[in-house]
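Hi there,

As promised, I am passing the structure along. Have a look at it first, and my notes follow underneath.

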Amino acid sequence: MKLPRDAVLLRIFVGEDDKFERKPLYEAIVLKAREMKLAGATVLRGPLGFGHSSHLHTTKILRLSADLPLVIEIVDSPERIDAFLPALDAMMSSGLVTLEKVQVLQYGATRNGAE
């Protein structure tokens, strides 16, 4: 798959404990992105954060996790991201979703000109 140089970054902020159909929400989002053949998705875990409620979510020595913040990033063409948004909206009851224009400089590895 070749990504256009001008693409869109979809960034989704959720909590680690958020669920969709009894599955972790971040996992459901990544699997849906894969099902819809988006270029790729990455989940990043934050050690500290807060959102709309101003409640701190943090790692502590005595606790392994406390609903840590997660960020899911997906980069693809504007058209493919737009097609994904209704599915994302159906999965999320809360969280923050942002879009920004990005330029793709490299996607994937090529060897001897083959993809």
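To get you oriented, which strand does Pro69 lie in? Pro69 belongs to strand 7. Please keep in mind throughout that this is a predicted model.

While we are at Pro69, here is a little more on it. Its relative accessibility comes to 22%, and because the buried class stops under 20%, Pro69 counts as partly exposed. Gly49 is 20 residues away from Pro69 along the chain, yet their C-alpha atoms are separated by 6.0 Å.

Now to the sheet that strand 7 is part of. Four strands make up an open sheet in the order 4-7-1-8, and the pairing is antiparallel. Strand 4 (41–45) and strand 8 (96–103) form the edges, each pairing on one side only. On average, neighbouring strands of this sheet are turned by 20° against each other, with direction ignored. If you want one pair to look at in detail, try strand 1 (residues 6–15) and strand 8: they are joined by eight bridges in the antiparallel sense. In that pair, Leu10 has Leu99 of strand 8 as its bridge partner.

Two helices go with these strands. Helix 1 (residues 25–35) packs on the sheet and touches strand 1, strand 4 and strand 7 (69–76); the direction of helix 1 makes about 10° with that of strand 7. Helix 2 (residues 78–91) lies across strand 1, strand 7 and strand 8, and runs at about 25° to strand 1.

Between strand 7 and helix 2 there is a loop, and Ser77 is found in it. Is Ser77 buried or exposed? The relative accessible area of Ser77 is 8%, so Ser77 is buried. Leaving aside residues up to four places away in sequence, Ser77 touches Leu3 and Pro4.

Last, the largest pocket. The space in it is about 440 Å³. Its lining consists of 18 residues, and Phe13, Val14, Phe50, Gly51 and His52 are the ones that lie nearest the centre. Strand 1 and strand 7 each supply at least two residues of that lining, with strand 1 giving the most, namely three residues. Sorted by class, the lining has seven nonpolar, nine polar and two charged residues.

That is what I have for now. I would be glad to hear your thoughts once you have had a look.

Best wishes

Notes. Residues are numbered from 1 along each chain as its sequence is written. This is a predicted model: local features need pLDDT of at least 70, side-chain atom pairs count only at pLDDT 80 or more; totals for chains, interfaces and linings use all residues. Side-chain values use heavy atoms; hydrogens and water are left out. Two strands pair if DSSP finds at least two bridges between them. Axes are lines fitted to C-alpha atoms, for helices over the stretch in contact, and angles run from 0 to 180 degrees between N-to-C directions. Contact means heavy atoms within 4.5 Å. On a 1 Å grid over the protein atoms alone, a cavity is a set of points where a 1.4 Å probe fits but cannot get out, and a pocket is an open set with protein on both sides within 12 Å along at least five of seven lines; lining residues have an atom within 4 Å of a point. Grid points are joined across faces, edges and corners, and a volume is the space filled by probe spheres set on the points. Ala, Val, Leu, Ile, Met, Phe, Trp, Tyr, Cys and Pro count as nonpolar, Asp, Glu, Lys and Arg as charged, and the others, Gly among them, as polar. Buried means under 20% relative accessible area, exposed over 50%, partly exposed in between (1.4 Å probe, protein chains only).
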